[in-house]
Amino acid sequence: MDPLTVSSDRRDGWSVVEVTGELDIATADQLGNRLADVITAHSPPRIVLDMSKVDFCDASGLRVLVRAHHAARRHHGLLHLVCPKGKVWRLLRVAGLAEVIPTHATPPRP
């Protein structure tokens, strides 16, 4: 199992959160806590979650994405995902999240 690493910074008024590794039941809280911090740090929160280096995602990871999306919306903000085509992208499509949370193959331009 690859450990999850999460980093974040600000770019052009957006919080960019980059995730590497496996997003599963053992690591989901790590990402969820970071996203919660980012959402409350800026008003309104505008977040790009770069998942292009995520090797694996399970239902726990999807739950974190849904919660972060709803939290950002409650704070009148946005959450965008960066996820190139592959296993994680297919999971987002099958789960229907790619239609709910804006999902891009490459980082969107602000």
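Colleague: What percentage of the 110 residues of the protein count as buried?

Modeller: First, keep in mind that this is a predicted model. A residue counts as buried when its relative accessible area is under 20%. In this protein, 41% of the 110 residues meet that mark.

Colleague: Thanks! How many helices and strands does the protein have, and what pattern do they follow along the sequence?

Modeller: There are 4 helices and 5 strands. Reading along the sequence, you meet them as β-β-α-β-α-β-α-α-β. The radius of gyration is 12 Å, close to the 13 Å that the globule rule gives for 110 residues, so the protein is as compact as a globular protein of that length. Its C-alpha atoms fill a box of roughly 35 × 25 × 20 Å along the principal axes.

Colleague: Let's look at a strand pair. In which sense do β1 and β2 pair?

Modeller: Here is the general idea to start with: in a regular strand the side chains alternate between the two faces of the sheet. In our case, β1 covers residues 5-11 and β2 covers residues 14-23, and they pair in the antiparallel sense over 7 bridges. Together they form a hairpin with 2 residues between the strands. Where the turn begins, look for R11, which stands opposite W14 in β2.

Colleague: Which residue in the turn has a positive phi?

Modeller: That is D12, with a phi of about 50°.

Colleague: And what share of the accessible surface belongs to carbon and sulfur atoms?

Modeller: The accessible surface comes to about 6,200 Å², and 53% of that belongs to carbon and sulfur atoms.

Technical notes. Residues numbered from 1 in each chain as written. Predicted model: local features only at pLDDT ≥ 70, side-chain atom pairs only at ≥ 80, totals over all residues. Heavy atoms only, no water. Pairing = 2+ DSSP bridges. Rg over C-alpha atoms; globule rule 2.2 N^0.38 Å. Buried < 20%, exposed > 50% of the residue type's maximum accessible area, 1.4 Å probe, protein only. Areas by Shrake-Rupley, 256 points an atom, 1.4 Å probe, with all protein chains shown as cover.
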